Amino acid sequence: MSSRRSRSRQSAGGSRITEEQINDLVSKLQQLLPELNSRRSDKVTAARVLQETCNYIKTLQREVDDLSERLSEMLENSDGDSASAALIRSLLMQ
């Protein structure tokens, strides 16, 4: 094992993060990703897991934006005093 890999890393807070902890966190991330979750038995690099995590977060953000826009449109087209309008407002505030 190279000396670079065997060294623990220091985070901004000053606490040490070991290679084992990093591997554990990457494994946990992999389990959360639909694209990689089914491939648990296959070797996937940490870089791939991080890239897929970024892609997945971007996808989720686009979905949130789309749903917010759709809710806003529904609110514009509904009676402002109705129960559904109140529900839509509460969803948009979250």
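Glu52 is found in helix α4. The model in which it sits is a predicted one. Glu52 is buried, with a relative accessible area of 17%; the residue counts as buried because that value is under 20%. Leaving aside neighbours within four places in sequence, Glu52 is in contact with Leu33, Glu35 and Leu36. One of these partners, Glu35, lies 17 residues from Glu52 in sequence, and the C-alpha atoms of the two are 7.7 Å apart in space.

Thr53 also has its place in helix α4, which covers residues 46-77. Thr53 is buried as well, with a relative accessible area of 11%. Not counting residues up to four places away in sequence, Thr53 touches Leu29 and Leu33. Leu33 also appears among the contacts of Glu52. Between Thr53 and Leu36 there are again 17 residues of sequence separation, and their C-alpha atoms are 9.6 Å apart.

These two residues can now be placed in the whole protein. The secondary structure comes to five helices and two strands. Along the sequence, the elements follow the pattern α-β-β-α-α-α-α. Of the 94 residues in the protein, 14% are buried, and both Glu52 and Thr53 belong to that buried part. The accessible surface of the protein comes to about 7600 Å², and carbon and sulfur atoms hold 52% of that surface. Among contacts with a separation of 6 or more, 6% join residues that are 24 or more positions apart.

How does helix α4 lie against helix α2, and at what angle do they pack? Helix α2 covers residues 19-32, and α2 and α4 pack at an angle of about 45°, with their axes 10 Å apart. An angle of about 45° is neither under 35 degrees nor within 65 to 115, so α2 and α4 are oblique to each other. Their crossing is left-handed. On the α2 side, the residues that meet α4 are Val26, Leu29, Gln30 and Leu32. On the α4 side, they are Ala46, Val49, Leu50, Thr53 and Tyr56. Seven residues of this contact are nonpolar, two are polar and none is charged. Thr53 is thus part of the contact between the helices, and Leu29, which Thr53 touches, belongs to the α2 side.

Helix α4 also packs against helix α5, which covers residues 83-93. The angle here is about 150°, and the axes are 10 Å apart. An angle over 145 degrees counts as roughly antiparallel, which means that α4 is roughly antiparallel to α5. The crossing of α4 with α5 is left-handed. From α4, the contact is made by Ser68, Leu71, Ser72, Met74 and Leu75. From α5, the residues are Ala85, Ile88, Arg89, Leu91 and Leu92. By class, seven residues of the contact between α4 and α5 are nonpolar, two are polar and one is charged.

Helix α4 therefore has two packing partners described here: α2, to which it is oblique, and α5, to which it is roughly antiparallel.

Conventions:
Residues numbered from 1 in each chain as written. Predicted model: local features only at pLDDT ≥ 70, side-chain atom pairs only at ≥ 80, totals over all residues. Heavy atoms only, no water. Helix = DSSP H or I, 4+ residues; strand = E, 2+ residues; numbered from the N terminus. Buried < 20%, exposed > 50% of the residue type's maximum accessible area, 1.4 Å probe, protein only. Contact = heavy atoms within 4.5 Å. Axes fitted to C-alpha atoms, helices over the stretch in contact; angles between N-to-C directions. Left-handed = near helix turned anticlockwise from the far one by under 90°. Nonpolar A, V, L, I, M, F, W, Y, C, P; charged D, E, K, R; others polar. Areas by Shrake-Rupley, 256 points an atom, 1.4 Å probe, with all protein chains shown as cover.
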